[in-house]
Amino acid sequence: MIQESDTATLDVVATALRMEGYRVYTLTDKNDNALDMIERHHPKIVLLDCWLSNYSAGQISQWIKAHFPRLPVIAFSCDNQIEQKYRQFGFDDYIKKPFDLKVLYKVIKKHLPKRRKNHRVVEPA
């Protein structure tokens, strides 16, 4: 599941993951609630933009962890200090923007449960 405020970035990330065979669910910061989306689709990982307008990404990460403690939540941020701050907000890892697709794939694979060959399931919001 990917929640991203910038629609261009959301489209690029979703397309890149789909091209790798992942099932992707997308969410902007203006539509559906992240917890509702997680309950509906049972994603294996969440990519969460750190600059959402309605709530802080830290709040959303903490809500997700309170309800789904084993679900990896990855910060997606252009904050220069994200590598020092991501754990403070309850994130499991981070991807710094601008990002390289190799880094995106590496971080996602690191946090996904082991799966059978030809059975990729990543469910960003």
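The protein chain has an average pLDDT (the predictor's confidence in each residue, from 0 to 100) of 81, and 82% of its residues score at least 70. Among its elements, helix H5 (residues 101–111) has the highest mean pLDDT, 93, and helix H4 (residues 82–85) the lowest, 70; helices (H or I, at least four residues) and strands (E, at least two) are DSSP runs, numbered from the N terminus. Over residues 116–121 the pLDDT is below 50, yet this stretch has 10 contacts in the model beyond near neighbours in sequence, a contact being heavy atoms within 4.5 Å. This is a predicted model, in which local features need pLDDT of at least 70 and side-chain atom pairs count only at pLDDT 80 or more, while totals for chains, interfaces and linings use all residues. Residues are numbered from 1 along each chain as its sequence is written, and side-chain values use heavy atoms, with hydrogens and water left out.

Turning to the interior, the largest nonpolar core has 19 residues. Such a core is a set of buried Ala, Val, Leu, Ile, Met, Phe, Trp, Tyr and Cys residues joined through side-chain atoms within 4.5 Å; buried means under 20% relative accessible area, exposed over 50%, and partly exposed in between, with a 1.4 Å probe and protein chains only. Met1, Val46, Leu48, Ile64 and Phe91 have the most contacts inside this core. At least two of its residues come from each of helix H2 (34–41), strand E3 (46–49), helix H3 (57–67) and strand E4 (73–77), with H2 giving the largest share, four residues. Another core, of 18 residues, lies apart from it and includes Val13, Ala16, Ile95 and Ile108. Neighbours within four places in sequence aside, Phe91 is in contact with Leu48, Cys50, Ala57, Ser61, Val73, Ile74, Ala75 and Tyr86.

Helix H2 buries Ala34, Leu35, Met37 and Ile38. Seen down the axis of H2, these buried residues fall within an arc of 160° (taken from the directions from the helix axis to the C-beta atoms), so they line one face of the helix. Their cover includes strand E1 (2–3), strand E2 (26–27), E3 and H3. Just after H2, His42 takes a positive phi of about 50°.

Two further residues can be placed relative to Cys50. Ile60, found in helix H3, counts as buried because its relative accessibility is 7%; its C-alpha lies 9.6 Å from that of Cys50, 10 residues away in sequence. Asp79, in the loop between E4 and H4, counts as buried at 18% relative accessibility. Asp79 and Cys50 are 29 residues apart along the chain, and their C-alpha atoms are separated by 8.2 Å.
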